[in-house]
Amino acid sequence: MSQELESIYDQYMSNLQKGLPNVDPNLVHRVMYLERKLSSEYIQEPQVILTIEYKSDVDMNRKLYDLREKFSLEAENTNKHNVLFAMSRMKLDKIKQIASDEDIVKLSGKASPIIRS
């Protein structure tokens with residue numbers, strides 16, 4: 001890849017990181033791409049699986065409850081004390097709302113146009 005294109009890409013990823021500092025910029029990029037790709041489809045929200053890392057002193061039962069009730073996500077504990085998994089069809093606005101929780105250290109994940117089993 002040319003140096004010029006890599007520089008443009010690096011700047012783009014840096015801007016995404018600045019826009020949502022605790023969210024993986026690769027996830028942000030993928031969700032934006034899928035939102036545009038699915039805009040003319042019957043189901044317009046990508047299927048997103050989130051890995052949410054919280055500060056170590058957080059009440060994880062409360063966070064699990066909030067993800068389920070406030071955001072209507074399927075959510076579950078992981079084998080790590082301060083990490084939860086959550087999934088649903090969602091757009092970037094919803095990810096931004098979830099990421100606004102001050103207790104979140106990092107939010108990462110995967111996005112797909114379809115549900116896979």
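Buried, in this tour, means under 20% relative accessible area, while exposed means over 50% and partly exposed covers what falls in between (1.4 Å probe, protein chains only). By that rule, buried residues make up 35% of the 117 residues in the protein.

What you have open is a predicted model, in which local features need pLDDT of at least 70, side-chain atom pairs count only at pLDDT 80 or more, and totals for chains, interfaces and linings use all residues. Residues are numbered from 1 along each chain as its sequence is written, and side-chain values use heavy atoms, with hydrogens and water left out.

**Stop 1: the whole chain**

Start with a cartoon view of everything. You should find 4 helices and 4 strands; helices (H or I, at least four residues) and strands (E, at least two) are DSSP runs, numbered from the N terminus. Follow the chain from the N terminus and the elements come in the order α-α-β-α-β-β-α-β. The C-alpha trace spans about 45 × 35 × 25 Å along its principal axes.

Now switch on a surface. About 7,900 Å² is exposed, with carbon and sulfur atoms supplying 48% of that area; accessible areas come from the Shrake-Rupley method with a 1.4 Å probe, and for residues only the protein chains shown count as cover. Among contacts (heavy atoms within 4.5 Å) between residues at least 6 apart in sequence, 64% join residues at least 24 apart.

**Stop 2: helix α2**

Select residues 25-37. This is helix α2, whose 13 residues reach 18 Å from the first C-alpha to the last, close to the 18 Å expected at 1.5 Å a residue. The expected span is 1.5 Å times one less than the number of residues in the helix.

Which residues of α2 are buried? Show P25, L27, V28, V31 and L34 as sticks: these are the ones. Add α1 (3-19), β1 (47-54), α4 (92-99) and β4 (104-112) to see what the buried residues of α2 pack against. Then look at the start of the helix, where a side-chain oxygen of D24 comes to within 3.1 Å of the backbone nitrogen of N26.

**Stop 3: D59, ahead of helix α3**

Move on to D59, in the loop between β1 and α3 (60-69). D59 is partly exposed, at 47% relative accessible area. A polar atom of its side chain lies 3.1 Å from the backbone nitrogen of N61. For a longer view, draw a distance from D59 to I98: their C-alpha atoms are 16 Å apart, and 39 residues separate them along the chain.

**Stop 4: the salt bridges**

How many salt bridges does the structure hold? There are 3, each being a side-chain nitrogen of Lys or Arg within 4 Å of a carboxyl oxygen of Asp or Glu.

Begin with R62 and D66, whose closest N and O atoms are 3.3 Å apart. Both sit in helix α3, and because they are 4 residues apart, about one helical turn separates them. R62 is partly exposed at 46%, and D66 is also partly exposed at 21%.

Next, select K63, which is buried at 10% relative accessibility. K63 bridges to D103, with the closest N and O atoms 2.9 Å apart. K63 lies in helix α3 and D103 in the loop between α4 and β4, so this pair ties together parts that are 40 residues apart in sequence. K63 also pairs with D101, at 2.8 Å between the closest N and O atoms. D101 is in the loop between α4 and β4 too, 38 residues from K63.

Finish by showing K63, D101 and D103 together: salt bridges that share partners join them into one network.

Note on methods. A polar contact is a pair of N or O atoms within 3.5 Å; within protein, one must be able to donate a hydrogen and the other to accept it, and residues adjacent in sequence count only if both atoms are side-chain atoms.
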